[in-house]
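Colleague: I would like to take a close look at a single part of this model with you, and then see how that part sits in the whole. Could you take me through it slowly, as you would for someone in a first year of study?

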Amino acid sequence: MIRQFGWNEFELLVFAARWTIVLAIIAFVGGGIGGLIVALLRTADSRVARTAMIVFIRVFQGTPLLMQLFLAYFGMAIFGFSVNPLIAAMIALTAHASAYLGEIWRGCIQAVPHGQTEAAKALGLHYFARMRHVVLPQAARIAVPPTVGFLVQLLKETSLTSIIGFVELTRQGQIITSVTFRPFLVFGLVAAIYFAMCWPLTLVARWMERGMARATNR
Amino acid sequence: MYSFKFAPVFANFGRLLEGAAVTLELSCGAMLLGLVISIVCAAARTSRIVPLQWIVSVYVEVIRNTPFLVQIFFIYFGLPAVGISFNPNPAALVALTINVGAYGTEIIRAGIESIHWGQVEAGIALGLKRLQIFRYIILKPALRTVYPALTSQFIFLMLTSSVVSVISATDLAAAGNDVNSETFASFETYIVVTAMYLVMSTILSGIFAAIQRVAFRYPMAR
């Protein structure tokens with residue numbers, strides 16, 4: 001039986017977008033913690049730590065997120081956990097976001113003039129105090145625009161979790177298409193909902209980038 | 001303890017290689033077509049014709065703020081409803097081209113805007129034609145400036161192309177899905193496929209670096 005596309009179906013789509021947002025938030029928080037660790041190790045004095053992080057970043061930026069999702073999904077069974085699309089999505093997205101945010105934030109940490117680190121060392125500050133009070137606050141200022149830009153990418157990439165069977169906005173769109181047979185309308189709407197979530201973030205990132213460019217051009 | 005079964009995966013390695021060839025064809029095709037679209041759209045975006053600027057802006061913003069997966073669903077499942085239908089592989093090429101075209105437009109536009117107007121005036125003073133000015137004074141230095149951003153976008157495109165397996169295109173990810181469903185060695189299959197993507201992206205970035213050394217060898221303007 002073919003169902004009509006009505007208000008109910010529209011509501012289902014909007015509610016499914018909640019899961020897209022939840023996934024993006026989980027991935028952003030997990031990736032934020034992971035990314036900070038990656039960025040700190042990537043800029044650490046220890047050569048082993050730096051090399052390990054270079055490899056980590058290259059592997060996760062050099063392979064498709066879809067494959068990372070598959071590996072997390074099928075890997076869970078191998079390591080004796082029950083297979084759960086949400087958990088697999090959280091693991092893969094967190095690792096993925098850690099690599100990208102780690103690389104973005106590495107650049108921001110290295111953009112802080114080295115003299116700042118030297119001055120902090122001369123004042124007798126230890127690594128954590130140096131990072132916490134001197135380097136990271138300055139790096140954070142320039143990190144905000146590219147981080148917001150990456151959040152847009154992450155929000156879009158959560159759509160891939162539909163392929164391992166997690167029901168978020170894109171998967172809900174597929175389900176509704178299969179009962180209403182209105183792919184043009186449904187996927188058009190799905191795209192519009194993504195756009196409504198991403199575009200404001202894009203504009204904010206662009207606005208902050210402009211402000212920063214003005215501040216550094218002076 | 002789980003014992004890994006890589007033998008059945010490597011027995012099907014030929015099929016994975018065929019899939020990898022399709023992935024490279026699709027992504028290289030999309031890169032070239034997308035580059036053309038990017039240059040044309042970036043020229044339109046920086047032109048003084050306002051309606052053109054608007055059309056290009058809408059294209060770029062819509063594509064950059066929606067997921068590729070939804071774009072390919074729309075093209076493959078949605079467009080036939082209005083009488084435009086594709087086979088899976090051409091649909092994948094169209095979707096990838098449209099996608100990378102939007103990102104490329106934004107990147108090249110940034111490059112074009114970094115060119116000083118004085119350069120163009122110098123070109124006019126030397127009596128160069130409009131097209132010559134665009135090609136030698138605007139486009140080439142612009143491409144040189146944004147080359148790293150452009151090529152990392154291209155590598156990202158190659159990785160994104162794995163998504164086209166969902167519309168039963170015959171790329172590497174799809175070959176992986178086939179091998180997986182026949183051998184039941186899921187984790188092993190996707191480890192091998194993932195490693196193949198890593199090799200391809202590494203080779204691709206090596207090729208891009210080589211192209212950069214050859215194409216932009218002249219000294220940097222100050």
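Which residue takes a positive phi just after helix 3 of chain A, and of about how many degrees? Please go on from there to helix 3 itself and its surroundings.

Modeller: The residue is Gly80(A), which takes a positive phi of about 85° just after helix 3 of chain A. Please keep in mind throughout that this is a predicted model.

Let us turn to the helix itself. Helix 3 of chain A has 14 residues, and from its first C-alpha to its last it reaches 20 Å, which is close to the 20 Å expected at 1.5 Å a residue. Of these 14 residues, 10 are buried, so the helix is largely enclosed by the rest of the structure. The buried residues include Leu65(A), Leu66(A), Met67(A) and Gln68(A), and Leu69(A), Phe70(A), Leu71(A), Ala72(A), Tyr73(A) and Phe74(A) are buried in this helix as well.

What encloses the helix comes from both chains. Within chain A, the buried residues of helix 3 pack against helix 2 (47-61), helix 4 (85-111) and helix 6, while from chain B they meet helix 8 (172-183) and helix 9 (186-215).

This leads on to the contact between the chains, in which 29 residues of chain A are in contact with 30 residues of chain B. On the side of chain A that touches chain B, the elements giving two or more residues are helix 3 (65-78), helix 6 (127-157), helix 7 (169-180) and helix 8 (183-217) of chain A. Helix 8 of chain A gives the most to that side, with 11 residues. Sorted by kind, the residues of this side divide into 20 nonpolar, eight polar and one charged.

Helix 3 also has a place in the largest nonpolar core, which has 114 residues. Leu66(A), Leu69(A) and Phe70(A) are among the members of this core that touch the most other members, and Val190(A), Ile72(B) and Ala92(B) belong to that group too. To follow one of them into chain B, we can take Ala92(B), which, leaving aside its neighbours within four places in sequence, is in contact with Leu26(B), Ile72(B), Val164(B), Ile167(B) and Ala169(B).

A residue with another setting is Arg3(A), whose place is in the segment before helix 1 (7-42) of chain A. Arg3(A) counts as partly exposed because it has 13 C-beta neighbours inside 10 Å. Not counting residues up to four places away in sequence, Arg3(A) touches Val179(A) and Thr180(A). Arg3(A) and Arg50(A), by contrast, are 47 residues apart in sequence and 56 Å apart in space, C-alpha to C-alpha.

Finally, we can step back to the chains as wholes. Chain A has eight helices and zero strands, and its C-alpha atoms fill a box of roughly 75 × 50 × 25 Å along the principal axes. Buried residues make up 40% of the 218 residues in chain A, and of its contacts with a separation of 6 or more, 76% are between residues 24 or more positions apart. Chain B has nine helices and zero strands, its C-alpha atoms fill a box of roughly 75 × 45 × 25 Å taken along the principal axes, and 42% of its 222 residues count as buried.

Terms used. Residues are numbered from 1 along each chain as its sequence is written. Chains are lettered from A and ligands numbered from 1 in the order in which they are written. This is a predicted model: local features need pLDDT of at least 70, side-chain atom pairs count only at pLDDT 80 or more; totals for chains, interfaces and linings use all residues. Helices (H or I, at least four residues) and strands (E, at least two) are DSSP runs, numbered from the N terminus. A residue is buried if 20 or more other C-beta atoms lie within 10 Å of its own, exposed if 12 or fewer, and partly exposed in between; C-beta atoms are placed from the backbone. Two residues are in contact if their C-beta atoms, placed from the backbone, lie within 7 Å. Ala, Val, Leu, Ile, Met, Phe, Trp, Tyr, Cys and Pro count as nonpolar, Asp, Glu, Lys and Arg as charged, and the others, Gly among them, as polar. A nonpolar core is a set of buried Ala, Val, Leu, Ile, Met, Phe, Trp, Tyr and Cys residues joined through C-beta atoms within 7 Å. The expected span of a helix is 1.5 Å times one less than its number of residues.
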